[in-house]
Amino acid sequence: GGDTCEYLLSSGRFLGEKVWQPHSCMMHKYKNSEAKNCLIDKHIVFIGDSRIRQLFYSFIKLINPQVKEEGNKHGNIPFEDKSASIKVDFLWYPEVNGSMRQRIKSWTEGAVAKPHIIVVGAATWSIKIHNGSNEALAQYKINITSIAPLLEKLARSSDVYWVLQDPVYEDMLSESRKMITNEKIDAYNEAAVHILNSSSRNSKTKVKVFSVSKLIAQETIMKSADGLHLPESSRDTNAMILMNVYCNKIMKPIDGSCCQPQPPLTLIQKIAFCFFTLSIIGYLIISLIHRNNYRKNKSCTDLESGEEKKPAISTPNVSTLEMLLHSFCKLGLIMTYFYLCDRANLFMKENKFYTHSSFFIPIVYLLVLGVFYTENTKEAKVLNREQTDEWKGWMQLVILIYHISGASTFLPVYMHIRVLVAAYLFQTGYGHFSYFWIKGDFGVYRVCQVLFRLNFLVVVLCIVMDRPYQFYYFVPLVTVWFMIIYATLAIWPQIVQKKANGNCLWHFGLLLKLICLLTCIYFLSYSQGTFEKIFSFWPLSKCFELNGNVYEWWFRWKLDRYVVFYGMLFAFIYLALQKHQMISEGKGDPLFSNRVSNVLLFISIVSFLTYSVWASSCKNKTECNELHPSVSVVQILAFILIRNIPGYVRSVYSSFFAWFGKISLELFICQYHIWLAADTKGILVLIPGYPMFNVLVSTFIFVCVAHEISQITNDLAQIVVPKDNSTLLKRLLCIAGFFSGLHLFSAMQDQSSH
């Protein structure tokens, strides 16, 4: 916690050569349109010498990148953006003297319009003109002392920044500037800070000291052209810091946590807090009652038989209630941790920074661990349960490393991660199709169980973290695809394996259904208008809108639109081959005859590597994303065949990866707030100053929490979704009432905010 604005203006470090990381918070990179929206109808003034002029140019280039550094270098320079009514002026006052004081004083008198932002700084000219004399320093102190009260007065209605002097690179200074030494600059800076801080103690307002540029200059001044002026990248960083200090509280960017106040609790969040508090109290009361009853009914030794009398077993109703309250009690404590990590300004957040080593070294380490924990499978079928859990596990771990390392900036890695996401959806198509085809169970209980397990955590997070459902895009994606699979197979005629075994024509009927599904997918993928109309109807719009439209949902759906169909088709072909005993699934046996297995294995390895070569040669993300839906299945099928054709490989699995695979959904969702930060845009910092130790601690907590939430979801699924149809119907009515109430409170919340 603490004043992140103060940290932004005074401390930080470089990640790599050009990325500046403020201490404890995240800096947003403002685009031109965002800068204009923030500064609309604003007047900004830069007062000082050539260094301040540099900062002025970097600042206005954030508004208009086409600006060129032209004009009188030793004179005033105006800038105006008429489209947004923004005025930015540079006023040439290279010395802190009476002229500068008079200009500042003019803004404090009468009804003169005051600038909204004032950036002041000067000293090197005083050192140069007076040859670094002590008398000049004494006069500098007197002049700042006279200006400080005026700046404090302006700070009541404007943002006022005093820019400390950057160090110089003395070896590169020209002969006329040799008297400007770092020792002199430090003395001038010390005088300015002492006087401004003394003045602010006597005033309610405060002039903000912009000292971070000193730290930036210390790292980059050796790249200066003349030893005095900063290189362009450094002054651009200073300008971006200024923009963050002023605009973050106005624009509230997700990835700009610096200078952002803690968001107020919404009505729904307050209700959720009360609910979890009552659950904790209720659980404690029931636990105390049970403990007292246990003490009263404690077994005592029967004198005649010498046996112990066991206490009476609790009634099922009481145990169910206790289990329910126990689950909500744990969930309440976990959600408190979520809120503290990513909504309260309690823990620090930092920007991501990608390096090849930060991505590939952890992956190699995990791969070694995974291979070390190798065990035999219970059965040697293709994509058996242990194998699919292992597949989900290692994919999820790679995706987590991808997110925390910021590897999305490296296109070859991005394209391979897209295949992993597609593989999850492939498993969705394969798994649900196999279940419905083999079991023929289209009952409401099965549907409710799946929907509850998929959506429970996300619904709770939407309430606690005040985020829309579509924000956790993967869960809406798998939920919609599950319903599409269910609808495809459940609508008349219901074709399942038992029916198809009696008449082969039913296989063609199922293929016809799959062709119809593919046609619908193809049509929607090339008809954005129709897609958006379908999901813009209430209540679907409440689930799938993000930032007021469904474009994000359209993009996510379109990116992997065919892979679920491929998963269903693969399941159909595999189960047909299995039924006709055309594959061998014995332990240690190759899937096909030796010749066929070797040919298929060779083709699979070549296909796998070919896709990797293509993905690694990608130059344009948009073009590669267009091809991805059609070609991602190549690497997925190649991996399945490589993993399953050799008998020995099919008969073993990594229990390490499989353990993570069982909680892969919880890991994917929990990372948003308690491993990453600022809704995945940054990294959570529990232990500042020790990056590796911080990752170890936050990862341990994160994995434990994900595992616990998985247990809670399983426990609650048994209670909320019972097998008895009449009881289930009552629960569904209660759930419908819950969501109706949630919608009502949401509408009240929106109305009050407007």
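These are legends for several close-up views of a predicted model.

Residues are numbered from 1 along each chain as its sequence is written, and side-chain values use heavy atoms, leaving out hydrogens and water. Local features need a pLDDT of at least 70 and side-chain atom pairs count only at pLDDT 80 or more, whereas totals for chains, interfaces and linings use all residues.

**View 1. Here is the disulfide between Cys5 and Cys259.** A disulfide is a pair of cysteine sulfur atoms within 2.5 Å, and a search of the whole structure turns up four of them. In this one the sulfur atoms sit 1.9 Å apart, and the link is right-handed, with 135° about the S-S bond. The two ends come from distant parts of the chain, 254 residues apart: Cys5 belongs to helix α1 (residues 4-10), and Cys259 to the loop between α9 (232-251) and α10 (267-296). Helices (H or I, at least four residues) and strands (E, at least two) are DSSP runs, numbered from the N terminus. Cys5 is buried at 18% relative accessible area, and Cys259 is buried too, at 8%. Buried means under 20% relative accessible area, exposed over 50%, and partly exposed in between (1.4 Å probe, protein chains only).

**View 2. Next comes the disulfide of Cys25 and Cys258.** Its sulfur atoms are 1.9 Å apart, and with 90° about the S-S bond the link is right-handed. Cys25 lies in the loop between β2 (19-22) and α2 (32-39), while Cys258 lies in the loop between α9 and α10, so the pair ties together parts that are 233 residues apart in sequence. Both Cys25 and Cys258 are buried.

**View 3. Cys38 and Cys247 bring two helices into the picture.** Their disulfide has an S to S distance of 2.0 Å and is left-handed, at -95° about the S-S bond. Cys38 is in helix α2 and Cys247 is in helix α9, 209 residues apart. Cys38 and Cys247 are both buried. Counting bonded cysteines along the chain, the disulfides of the protein follow the pattern 1-6, 2-5, 3-4, 7-8.

**View 4. This one is about Cys329, a cysteine in no disulfide.** So where is the nearest cysteine sulfur to Cys329? That sulfur belongs to Cys274, 16 Å away. Cys329 is buried, with a relative accessible area of 9%. Cys504, on the other hand, counts as exposed at 52% relative accessibility.

**View 5. Now for the largest nonpolar core, with its 134 residues.** A nonpolar core is a set of buried Ala, Val, Leu, Ile, Met, Phe, Trp, Tyr and Cys residues joined through side-chain atoms within 4.5 Å. Met335, Phe338, Trp391, Tyr472, Phe474 and Ile636 touch the most other members. Helix α14 (residues 411-439) gives the most to this core, with 17 residues. Take Ile636: leaving aside residues up to four places away in sequence, Ile636 touches Trp391, Val419, Ala422, Ala423, Phe426 and Val563. Contact here means heavy atoms within 4.5 Å. There is also a second, separate core of 46 residues, including Phe56, Ala239, Ile241 and Val245.

**View 6. Strands β4 and β5 make a hairpin.** Along β4 (residues 77-81), the side chains take turns: Ile77, Phe79 and Asp81 point to one face and are buried, while Pro78 and Glu80 point to the other and are not. β4 pairs with β5 (residues 86-92) in the antiparallel sense over five bridges; two strands pair if DSSP finds at least two bridges between them. Asp81 stands opposite Ile86 in β5. Four residues lie between the strands, and in the turn Ser85 has a positive phi of about 55°.

**View 7. Helix α13 (residues 385-405) is the subject here.** From its first C-alpha to its last, this helix of 21 residues reaches 30 Å, close to the 30 Å expected at 1.5 Å a residue. The expected span is 1.5 Å times one less than the number of residues. Is α13 enclosed or open, and why? Of its 21 residues 18 are buried, so α13 is largely enclosed by the rest of the structure. Gly406 follows α13 and has a positive phi, near 70°.

**View 8. An open sheet of three strands closes the set.** The order is β9-β13-β12, with antiparallel pairing. β9 (348-351) and β12 (676-677) are the edge strands, each pairing on one side only. β12 and β13 (residues 682-685) pair over two bridges, and Ala677 stands opposite Gly682 in β13.
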